[in-house]
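Subject: Structure for your review

Hello,

Here is the structure I said I would pass on. My notes follow below it.

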Amino acid sequence: VLPVPPMSIRFDQAAGTLSPAGPELTRRMSDLEGLFLDQNAWRTAVADGDPIVYSVVSSLVPEADRELPQSITTIQPGSTGGEFWMTKGHQHPNHQGEIYLGISGRGGLLMFDGTDTRWVDMTPGTIGYIPPGWAHRSVNVGGKPYSFLAVYPGGAGHDYGWVLEYGLGQRVWRQDDGVAFGGYFAE
Ligand code: F6R
Ligand code: ZN
């Protein structure tokens with residue numbers, strides 16, 4: 001892992017880019033297998049253009065012990081089978097904390113420790129805190145792209161299988177007048 005010098009990093013909100021830039025990734029609907037409750041609606045969305053659901057741009061700070069990498073996630077507006085578009089969600093296997101800062105749009109931070117579920121509304125300027133041991137997923141509950149900055153310990157790791165097995169406690173549904181929460185697993 002290459003060390004990086006002290007530096008500033010610019011975020012161009014219109015372009016959604018960081019400079020200097022590190023890794024970028026794009027998650028399409030097909031990358032979200034097994035996450036939406038309505039599997040048929042998910043399959044239809046994959047067949048119907050496989051849209052980009054979210055993208056993540058990272059700085060050059062490496063994911064290595066004692067470093068503090070950052071990334072900006074942008075979730076597109078939308079819903080599948082009535083469920084708002086969201087990130088895959090993960091647990092940090094080493095149970096380390098993380099902070100998010102809302103940049104634009106309206107979203108939320110869903111957290112689950114295996115027993116309790118918490119929801120934090122995220123608007124521009126909101127700092128959301130994810131304590132160690134809380135799995136987390138971000139959800140766009142607005143009509144525009146939702147972007148936030150994440151800062152996390154470089155040695156935290158990302159366990160996506162945890163969420164497939166245990167879920168996030170709640171699901172976030174689109175309603176005419178806003179947002180509704182429901183149980184995670186099908187009856
Ligand atoms: C890093 C973190 C965020 C997410 C990003 C994408 O620990 O929580 O940077 O990685 O919002 O979400 P996932 O990783 O769940 O696909
Ligand atoms: Zn995380």
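To begin with the strands: β8, which covers residues 98-104, pairs with β11 in the antiparallel sense, and the pairing runs over 4 bridges. Please keep in mind that this is a predicted model. Within this pair, E98 has I130 of β11 as its bridge partner. Strand β11 spans residues 127-130 and has two faces: G128 and I130 are on the covered one, while I127 and Y129 are on the uncovered one. The bridge partner of E98, I130, is thus listed on the covered face.

E98 also turns up at the metal site. Which residues coordinate the zinc ion (ligand 2)? They are H90, H92 and H136, each through NE2, and E98 through OE, at 2.1 to 2.3 Å. The zinc ion (ligand 2) has 6 donor atoms, the angles among them run from 73 to 176 degrees, and the site is octahedral. Along the chain, the donors are spaced as H-x1-H-x5-E-x37-H.

Are the donors E98 and H90 buried or exposed? E98 has a relative accessibility of 4%, so it counts as buried. H90 counts as buried as well, because its relative accessibility is 10%. The cut-off behind both calls is a relative accessible area under 20%.

H136, another of the zinc donors, leads to a second set of strands. In β12, H136 stands opposite M111. Strand β9, residues 107-112, pairs with β12 in the antiparallel sense over 6 bridges. Together with β10, these strands form an open sheet of 3 strands in the order β10-β9-β12, with antiparallel pairing. Its edge strands are β10 (117-122) and β12 (135-140), each of which pairs on one side only. From one strand to the next, the twist averages 20 degrees. The zinc donor H136 therefore has its place in an edge strand, because β12 pairs on one side only.

One further residue may be of use to you, namely T80. It lies in strand β6, which consists of residues 79-80. T80 counts as buried, because its relative accessibility is 5%. What is T80 in contact with, leaving aside its neighbours within four places in sequence? The contacts of T80 are M29, F36, A41, W42 and W85.

Regards

Definitions and conventions. Residues numbered from 1 in each chain as written. Chains lettered and ligands numbered in written order. Predicted model: local features only at pLDDT ≥ 70, side-chain atom pairs only at ≥ 80, totals over all residues. Heavy atoms only, no water. Donors = N, O, S within 2.8 Å, 3.2 Å for Na, K, Ca; no water. Tetrahedral: all angles 85-135°; square planar, octahedral: opposite > 155°, others 65-115°. Buried < 20%, exposed > 50% of the residue type's maximum accessible area, 1.4 Å probe, protein only. Pairing = 2+ DSSP bridges. Axes fitted to C-alpha atoms, helices over the stretch in contact; angles between N-to-C directions. Contact = heavy atoms within 4.5 Å.
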